[in-house]
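Please look through the sequence and the model shown here before reading on. The paragraphs that follow go from terms and conventions to the chain as a whole, and then to its helices and single residues.

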Amino acid sequence: PQAIKVAVYSSTAAWIAGVFNIVPALAVIGLIGGLYSLYLCWIGLPILMKAPGEKATTYVIVVIVAIVIIYMVIGSVVARGMFM
């Protein structure tokens, strides 16, 4: 349950800011929302997952890299139109 809380809480800002990507001139706001989501993950992950202090930074970095890779894969699939 704690991992679901982190995932939902940290990605909500990116989802909401993603609405601004509809207008290309406002895409910067979407990027800021995505960065804020990463920040929320950075803050919330060690607290909710109770990671030890010396391993918390590594844990958060690995999770953020995984999030970025997943978003890139989803984006490339959607861009190619293979989502069907």
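A polar contact is here a pair of N or O atoms within 3.5 Å, where, within protein, one atom must be able to donate a hydrogen and the other to accept it, and where residues adjacent in sequence count only if both atoms are side-chain atoms. The model is a predicted one, in which local features need pLDDT of at least 70 and side-chain atom pairs count only at pLDDT 80 or more, while totals for chains, interfaces and linings use all residues. Residues are numbered from 1 along each chain as its sequence is written, and side-chain values use heavy atoms, with hydrogens and water left out.

The secondary structure of the chain consists of three helices and zero strands, with helices (H or I, at least four residues) and strands (E, at least two) taken as DSSP runs and numbered from the N terminus. Read from the N terminus on, the order of elements is α-α-α, and the C-alpha atoms fill a box of roughly 40 × 25 × 20 Å along the principal axes. Of the 84 residues in the chain, 21% are buried, where buried stands for under 20% relative accessible area, exposed for over 50%, and partly exposed for what lies in between (1.4 Å probe, protein chains only). The accessible surface of the chain amounts to about 6,200 Å², and 79% of this belongs to carbon and sulfur atoms; such areas come from the Shrake-Rupley method with a 1.4 Å probe, and for residues only the protein chains shown count as cover. If a contact is taken as heavy atoms within 4.5 Å, then among contacts between residues at least 6 apart in sequence, 42% join residues at least 24 apart.

Helix α1 is a convenient place to begin. Val6 lies in this helix, which covers residues 2–17, and Val6 counts as buried because its relative accessibility is 6%. Leaving aside residues up to four places away in sequence, Val6 touches Gly44, Leu45, Leu48 and Met49. Ser10 also has its place in helix α1 and is buried, since its relative accessible area is 6%. The side chain of Ser10 reaches the backbone oxygen of Val6 at 2.8 Å. An α-helix has 3.6 residues a turn, so residues three or four places apart point the same way. Beyond four places in sequence, Ser10 touches Ser37, Leu40 and Cys41.

The partner Ser37 belongs to helix α2 and is likewise buried, because its relative accessibility is 7%. With residues up to four places away again left out, Ser37 touches Ser10, Ser11, Ala13 and Ala14. Helix α2 itself has 22 residues and reaches 31 Å from its first C-alpha to its last, close to the 32 Å expected at 1.5 Å a residue, a span defined as 1.5 Å times one less than the number of residues. Among the buried residues of α2 are Gly30, Gly33, Ser37, Leu40, Cys41 and Gly44, and the buried residues of this helix pack against α1 and α3.

What does the outer surface offer? A nonpolar patch on the surface is formed by Tyr36, Tyr39, Trp42, Ile43, Ile47, Ile61, Val65, Ile69, Val73 and Val77, with about 930 Å² of accessible area together. Patches are made of residues with over 30% relative accessible area and no salt bridge (a side-chain nitrogen of Lys or Arg within 4 Å of a carboxyl oxygen of Asp or Glu), and they join like charges within 9 Å or nonpolar side chains (Val, Leu, Ile, Met, Phe, Trp, Tyr) within 5 Å. Both α2 (27–48) and α3 (53–80) supply at least two residues each to the nonpolar patch. Ile47, one of the patch residues, is found in helix α2 and is exposed, because its relative accessible area is 60%.

After α2 comes Lys50, which lies in the loop between α2 and α3. Its phi is near 55 degrees, a positive value in a residue other than glycine, and Lys50 counts as exposed because its relative accessibility is 65%. In helix α3, Tyr59 has its place and counts as partly exposed, since its relative accessibility is 32%. Tyr59 touches Leu45, Met49 and Ala51, not counting residues up to four places away in sequence. The C-alpha atoms of Tyr59 and Pro24, 35 residues apart along the chain, are separated by 34 Å.
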